[in-house]
Amino acid sequence: MRVDLTPPALNIDAEAFEAMVVEELDRLPDEMVKDLENVVFVVEDRPEDGSLDLLGLYDGLALTERGGYGMGELPDRIVLYREPHLAQCATEEELRDEIHTTLVHEIAHYFGIDDEQLHEMGWA
């Protein structure tokens, strides 16, 4: 396992980062978030492998691949990783833009849009 111990360019604690995620989520268009069902947004410091390469993750089954939710089914998760974001951004403005882009990217996966389509749309 490779663990990068490089200190982030920005020093923003977990609580402040989570507040930024909430603010950016609130800024997304209603058309993008109104149909989200049984999804939770989670902030973690790093991915399980400890790398700084992954900014976010959609952990679930895309709408295009399922019929519906069953009783008692755990929610899908959209995870944003704080330390990789901090490592890639030099300013708070860049950080907010990257959080916004990551949210759009991972929500798109929920709706079944793959990385190739996201790249074509300018969101990858």
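# Exercises on a predicted model

Four bridges join strand S2 to strand S3, and these two strands run antiparallel. The model is a predicted one. The exercises below start from this pairing and move on to the helices and the aromatic rings.

## Exercise 1: The sheet

Task: Work out in which order the strands form the sheet, and which strands lie at its edges.

Solution. Step 1: The open sheet consists of three strands, and its order is S1-S3-S2. Its pairing is mixed.

Step 2: S1 (39-44) and S2 (56-59) each pair on one side only, which makes them the edge strands.

Step 3: Ignoring direction, neighbouring strands of the sheet are turned against each other by 15 degrees on average.

Step 4: For a single residue pair, look at Asp-59: its bridge partner in S3 is Arg-77.

Step 5: A helix can now be added to the picture. H1 lies across S1 and S3, and it runs at about 145 degrees to S1.

## Exercise 2: The nonpolar core

Task: Find which elements each supply at least two residues of the largest nonpolar core, and which gives the most.

Solution. Step 1: The core holds 20 residues. Those that touch the most other members are Ile-12, Phe-17, Leu-80, Leu-95, Ile-99 and Leu-103.

Step 2: At least two residues come from each of helix H1 (14-27), strand S3 (76-81) and helix H4 (92-110).

Step 3: With six residues, H4 gives the most to this core.

Step 4: Take Phe-17 as an example. Neighbours within four places in sequence aside, its contacts are Ile-12, Val-43, Leu-80, Tyr-81, Arg-82, His-85, Leu-95 and Ile-99.

## Exercise 3: Helix H4 and Glu-24

Task: Describe the span of H4, then decide whether Glu-24 is buried or exposed.

Solution. Step 1: H4 has 19 residues. From its first C-alpha to its last it reaches 27 Å, close to the 27 Å expected at 1.5 Å a residue.

Step 2: The buried residues of H4 include Leu-95, Ile-99, His-100, Leu-103 and Ile-107. In an α-helix there are 3.6 residues a turn, so residues three or four places apart point the same way.

Step 3: Just after H4, Gly-112 takes a positive phi of about 90 degrees.

Step 4: Glu-24 belongs to helix H1. Its relative accessibility is 2%, and because buried means under 20%, Glu-24 counts as buried.

Step 5: Not counting residues up to four places away in sequence, Glu-24 touches Arg-96, Ile-99, His-100 and Leu-103.

## Exercise 4: The aromatic rings

Task: State how many aromatic pairs the whole structure contains, and give the geometry of each.

Solution. Step 1: Searching the whole structure gives two aromatic pairs.

Step 2: One pair is formed by Tyr-58 and Tyr-110, with 6.1 Å centre to centre and 90 degrees between the planes, and it is edge-to-face.

Step 3: Tyr-58 lies in strand S2 and Tyr-110 in helix H4, so this pair ties together parts that are 52 residues apart in sequence.

Step 4: Tyr-110 also pairs with Phe-111, again edge-to-face, at 4.9 Å centre to centre and 85 degrees between the planes.

Step 5: Through these ring pairs, Tyr-58, Tyr-110 and Phe-111 are linked into a cluster.

Step 6: Compare the burial of the rings' residues. Tyr-58 and Tyr-110 are buried; for Tyr-110 the relative accessibility is 0%. Phe-111, at 26% relative accessibility, counts as partly exposed.

Conventions:
Residues numbered from 1 in each chain as written. Predicted model: local features only at pLDDT ≥ 70, side-chain atom pairs only at ≥ 80, totals over all residues. Heavy atoms only, no water. Core = buried A, V, L, I, M, F, W, Y, C linked by side-chain atoms within 4.5 Å. Buried < 20%, exposed > 50% of the residue type's maximum accessible area, 1.4 Å probe, protein only. Contact = heavy atoms within 4.5 Å. Pairing = 2+ DSSP bridges. Axes fitted to C-alpha atoms, helices over the stretch in contact; angles between N-to-C directions. Expected span 1.5 Å × (residues − 1). Phe/Tyr/Trp six-rings, centres within 6.5 Å; stacked < 30°, edge-to-face > 60°.
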